[in-house]
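Visitor: I am new to this structure and would like to learn how to read it. Could you take me through it feature by feature?

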Amino acid sequence: MQQWYSPANAARQKKRAELCKWSMILLGAAALAVCIFLCTRVSTGNAARLLWWVAGLSTAAGWAVLLIAAFLYRPLKAQAGHIAGLRGGETEQYTGRLMLLPGGFQIPGSIVVRKAKLVGEGEPLTLNVNARCVRELPPRDALVRVTAVRTFITAVEVMGDERT
């Protein structure tokens with residue numbers, strides 16, 4: 001069975017989020033230090049030129065910090081929180097044919113989720129899949145056994161190939 005939420009994965013996501021956080025802090029502090037240094041060198045003759053340097057440097061550093069926060073830190077922190085939340089939950093196993101449904105949505109402040117339908121014995125079951133784990137799903141209509149915590153698929157085992 002292929003586990004998606006291992007303790008090593010949780011630790012790796014948390015470590016990467018911390019690394020991004022410290023890189024944002026260091027980048028902002030370095031830009032501030034350079035701007036302060038440039039401000040101490042202002043004289044009547046170079047004030048206009050240094051104004052452009054300070055404004056450009058602070059703007060570029062600010063945008064860099066915002067981009068790191070939006071595209072690296074927040075998604076990594078959301079993944080780490082999601083993994084930590086699922087690690088202690090009660091697991092349930094289901095068997096059937098798994099089909100990924102079109103579309104997806106983002107849980108506010110958390111991960112992007114895709115829906116999957118598991119057709120087995122009895123009623124079809126709709127489960128959630130972390131969008132980052134979709135590429136690890138077996139082919140459509142493969143017979144699988146899935147482990148789920150709070151309707152989130154956490155592990156998949158292929159029981160048979162397509163249409164067996």
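The dialogue below goes through confidence, cores, a histidine, strands, backbone angles, salt bridges and cysteines.

Visitor: Where is the mean pLDDT lowest among the elements, and where is it highest?

Guide: This is a predicted model, and pLDDT is the predictor's own confidence in each residue. Over the protein chain the mean is 90, with 96% of residues at 70 or more. Among the elements, strand β1 (residues 2–3) has the lowest mean, 76, while α1 has the highest, 95.

Visitor: Next, the interior. Which residues touch the most other members of the largest nonpolar core?

Guide: The general idea is that nonpolar side chains tend to be buried together in soluble globular proteins. In this model the largest nonpolar core has 24 residues, and those touching the most other members are W4, L98, V129, V144, V146, I153 and V156. Two or more residues come from each of α2, β4, β5, β6 and β7. The biggest contribution is that of β6, with four residues.

Visitor: Is there another core, and which residues are among its members?

Guide: A separate core of seven residues lies apart from the largest one, and its members include A17, I68, Y73 and L76.

Visitor: What does W4 touch, leaving out residues up to four places away in sequence?

Guide: With those residues left out, W4 touches N9, V129, C133, E136, L137, I153, T154 and V156. Of these, V129, I153 and V156 also appear in the list of core residues that touch the most other members.

Visitor: Now H82: is this residue buried or exposed?

Guide: H82 has a relative accessible area of 8%, so this residue is buried. H82 belongs to helix α2, which covers residues 47–87. Beyond its neighbours within four places in sequence, H82 is in contact with Y5, I111, N130 and F152.

Visitor: How do strands β4 and β5 pair, and over how many bridges?

Guide: The thing to look for is the sense of the pairing and the bridges that make it up. Strand β4 (residues 112–119) pairs with strand β5 (residues 125–130) in the antiparallel sense, over six bridges. For K115, the bridge partner in β5 is N128. The hairpin of these strands has five residues between them, and there G122 takes a positive phi near 95°.

Visitor: Which residue other than glycine has a positive phi near 50°?

Guide: As background, most residues other than glycine have a negative phi. R150 has a positive one, near 50°. T151 also has a positive phi, near 70°. R150 is in the loop between β6 (143–149) and β7 (152–160), and T151 is placed in the loop between β6 and β7 as well. As for the surface, R150 counts as exposed because its relative accessibility is 52%. T151, at 40%, counts as partly exposed.

Visitor: How many salt bridges are there?

Guide: The count comes to two salt bridges. One joins E18 to K21, with the closest N and O atoms 3.4 Å apart. E18 and K21 are three residues apart in helix α1 (residues 7–40), so about one helical turn separates them. Both ends are partly exposed: E18 has 34% relative accessibility, and K21 has 26%.

Visitor: Which residue forms a salt bridge with R145?

Guide: R145 pairs with E157, and the closest N and O atoms are 3.4 Å apart. This pair links distant parts of the chain, since R145 is in strand β6 and E157 is in strand β7, 12 residues apart. R145 is partly exposed, with a relative accessible area of 25%. E157 is partly exposed too, at 26%.

Visitor: Last, the cysteines. How many disulfides does the structure hold?

Guide: One checks the distance between sulfur atoms, with a cut-off of 2.5 Å. The structure holds zero disulfides. For C20, the nearest cysteine sulfur is that of C133, 19 Å away. C20 is also buried, with 10% relative accessibility.

Visitor: Why is C35 not bonded to C39?

Guide: The sulfur of C39 is the closest cysteine sulfur to that of C35, but the two are 6.6 Å apart, which is too far for a bond. C35 is buried, at 9% relative accessible area.

Notes: Residues numbered from 1 in each chain as written. Predicted model: local features only at pLDDT ≥ 70, side-chain atom pairs only at ≥ 80, totals over all residues. Heavy atoms only, no water. Buried < 20%, exposed > 50% of the residue type's maximum accessible area, 1.4 Å probe, protein only. Pairing = 2+ DSSP bridges. Contact = heavy atoms within 4.5 Å. Core = buried A, V, L, I, M, F, W, Y, C linked by side-chain atoms within 4.5 Å. Salt bridge = Lys/Arg side-chain N within 4 Å of Asp/Glu carboxyl O. pLDDT = per-residue confidence, 0-100.
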